[in-house]
Amino acid sequence: MTSPSPHSNSPSASRFPVVVVGAGPAGLTVGNILRAAGVDCLVLETESRSFIEQRPRAGVIEEWAVRGLEQRGLAGRLVERAERHSECEFRFDGHGYRFAYTELTGRHHWIYPQPALVTDLVREYADARGGEIRFGVRDVRLHDLDSDRPAVSYTDPDSGERRLVRCDFVAGCDGARGASRAALPQRTPTTRHDYGVGWLALLAEAPPSADRVLFGMHPQGFAGHMPRSPEMTRYYLQCGPGEGPDDWPEERVWAELQQRLRAADRPPLAEGRLLQKRVLDMHNYVVEPMVFGRLFLAGDAAHLVAPIAAKGMNLALNDAFLLGDGLVDQLTRGDSTGLDGYSAACLRRVWDYQEFSQWLSEIYHGTSCGDPYRAGTTLARLRRLFTSPVAAAAFAEQYLGTAAGF
Ligand code: RFL
């Protein structure tokens, strides 16, 4: 819940038009858009700069999101360094089935590790555009959100003192476990979907074993292979409910990956040291509306989508473009159109991607769910992608996020 306002004559009080809570892809993109328009803002981040520049997560960025970054002068290094993917591959029944989406649509996916994007965005915001950012802040609290003088307070990591920052707007970009979502009134509707499966998320110091994403549908469960860079590959393994990373020693991980992603006409996977091994809680949620008073939520703070379809960071960027532009219009021209329509505009793409994640989840998990009926319909769904050009085109559109409107 929003906290009562501390004493406003506090000696350490300051003022910014916008306080951005959280320096992930959403918060840093909002900050950069504001700075480019000459709007002052303060970004608050609980972690250190080096931590956020190394935290491994996403890798797949959709074309429209890269274009959005480019239009705002934020994609220089990405466009130089990122790989472009033109196909993915489904592996089932011991065979690999290539799905060449670029051949079909002329569109592609960009592969750029999230920490590289965060590094670029921090550099641009703090070093090039002179934006203020405070790392390592503690105990962030949001105040008076339903007034026209909201505020954010935090504990300064160096002095241990509480600081109060007054502002006109708060951009809540602090992810799934941040202070922004927690500051919403309890009556704020949040809908949630649990997939009822566990996924082990792995990052391997191993070159990709194919130049494309691989989806393995196996009676023992789903496995995924996602190239990240020439030296690094992300893997996923569906695991039993209640299993933890300790249940998965390296030998077991590689044995299962080799088995679930095996295809008769493909070489075995290139193995390597595991740099990350964590079990993901596979669930989605949507906060609706994404606005409370002067608090505008963006990214994972507003909606979570398990990494089934590689959509979360893309949605975070879409929110950030709309929020950044809306705040600039409001604060430089007094035009509230963008902010008024912000939540509804974001949620159209959010719900579309939520639905696609559910659809794709059935493909990943249906064959191993133990229900022969669901296994049969899953295989029918998979085969249709390779027998029906209309079904293939529809899948490609959702996979790439290229629909003309939402
Ligand atoms: P983030 O990235 O979580 O950033 C939030 C920031 O806020 C900080 N923070 C706070 N700061 C101030 N005060 C507080 N009280 C705070 N609490 C937290 C945090 O330290 C952090 O720096 O949220 P944002 O910006 O909304 O971005 C969302 C994306 O990070 C997320 O959706 C993606 O990583 C999801 N995702 C993927 N998305 C894609 O589009 N493509 C992918 O290929 C993809 N792969 C993935 C993924 C997520 C994964 N995990 C870890 C669940 C792969 C994985 C394994």
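**Note on the predicted structure**

1. The buried residues of helix α12 pack against two helices, α11 (342–366) and α13 (389–400), and against the strands β6 (88–92), β7 (95–99) and β15 (213–218). The model under discussion is a predicted one. The residues of α12 that are buried are A375, T378, L382 and L385. Seen down the helix axis, these buried residues fall within an arc of 80°, so they line one face of α12. An α-helix has 3.6 residues a turn, so residues three or four places apart point the same way. On the other side of α12, the exposed residues are P372, Y373 and T387.

2. The length of α12 can be checked against expectation. This helix comprises 16 residues, from 372 to 387, which at 1.5 Å a residue should span 22 Å; its end C-alpha atoms are 22 Å apart, and the two values therefore agree. The N-terminal end of α12 is capped by D371, which places a side-chain oxygen 2.8 Å from the backbone nitrogen of Y373.

3. Which residues touch the most other members of the largest nonpolar core? They are I61, L69, L78, L117, L142 and L323, in a core that holds 78 residues. Helix α9 (residues 312–333) supplies the largest share of this core, with nine residues. Setting aside neighbours within four places in sequence, L323 is in contact with V30, A171, F296, A298, L339 and Y342. Another core, of 31 residues, lies apart from the largest one; its members include W199, M282, L360 and A396.

4. L121 belongs to helix α6, which covers residues 114–128. Its relative accessibility is 0%, and L121 therefore counts as buried. When residues up to four places away in sequence are not counted, L121 touches P25, L28, T29, N32, L69 and L74. L69 is also one of the residues that touch the most other members of the largest core. L121 and D40 are 81 residues apart along the chain, and 16 Å separates their C-alpha atoms.

5. Is H365, a residue with a relative accessible area of 5%, buried or exposed? Because buried means under 20% relative accessible area, H365 is classed as buried. This histidine is found in helix α11, one of the elements against which the buried residues of α12 pack. Not counting residues up to four places away in sequence, H365 touches V197, W199, F222, Q238 and I308. Of these contacts, W199 is among the members of the 31-residue core.

6. S153 lies in strand β11, residues 151–155, and is buried, with a relative accessible area of 3%. The side chains of S153 and R162 are joined by a polar contact of 2.7 Å. Leaving aside neighbours within four places in sequence, the residues in contact with S153 are D139, V140, R141, H143, R162, R163 and L164.

7. D139, one of the residues in contact with S153, is found in strand β10 (residues 138–143). It is partly exposed, at a relative accessible area of 41%. Its backbone deserves a remark: phi of D139 is near 50°, a positive value in a residue other than glycine. A310 likewise has a positive phi, near 55°, and is not a glycine. A310 is found in the loop between β21 (303–304) and α9, and its relative accessibility of 28% makes it partly exposed.

8. A further backbone feature concerns the peptide bond from E288 to P289, which is cis, with omega near 5°. P289 is found in the loop that runs between β18 (273–287) and β19 (291–292). Most residues other than glycine have a negative phi, and most peptide bonds are trans.

9. How many disulfides does a search of the whole structure find? The search finds zero. C41 is in no disulfide, and the nearest cysteine sulfur, that of C173, is 10 Å away. C41 counts as buried, at 1% relative accessibility. C369 is also in no disulfide; in its case the nearest cysteine sulfur belongs to C239, 16 Å away. With a relative accessibility of 31%, C369 counts as partly exposed. A disulfide here requires a pair of cysteine sulfur atoms within 2.5 Å.

Methods:
Residues numbered from 1 in each chain as written. Predicted model: local features only at pLDDT ≥ 70, side-chain atom pairs only at ≥ 80, totals over all residues. Heavy atoms only, no water. Buried < 20%, exposed > 50% of the residue type's maximum accessible area, 1.4 Å probe, protein only. Helix = DSSP H or I, 4+ residues; strand = E, 2+ residues; numbered from the N terminus. Expected span 1.5 Å × (residues − 1). Arc of directions from axis to C-beta. Contact = heavy atoms within 4.5 Å. Polar contact = N/O pair within 3.5 Å; in protein donor to acceptor, adjacent residues only side chain to side chain. Core = buried A, V, L, I, M, F, W, Y, C linked by side-chain atoms within 4.5 Å.
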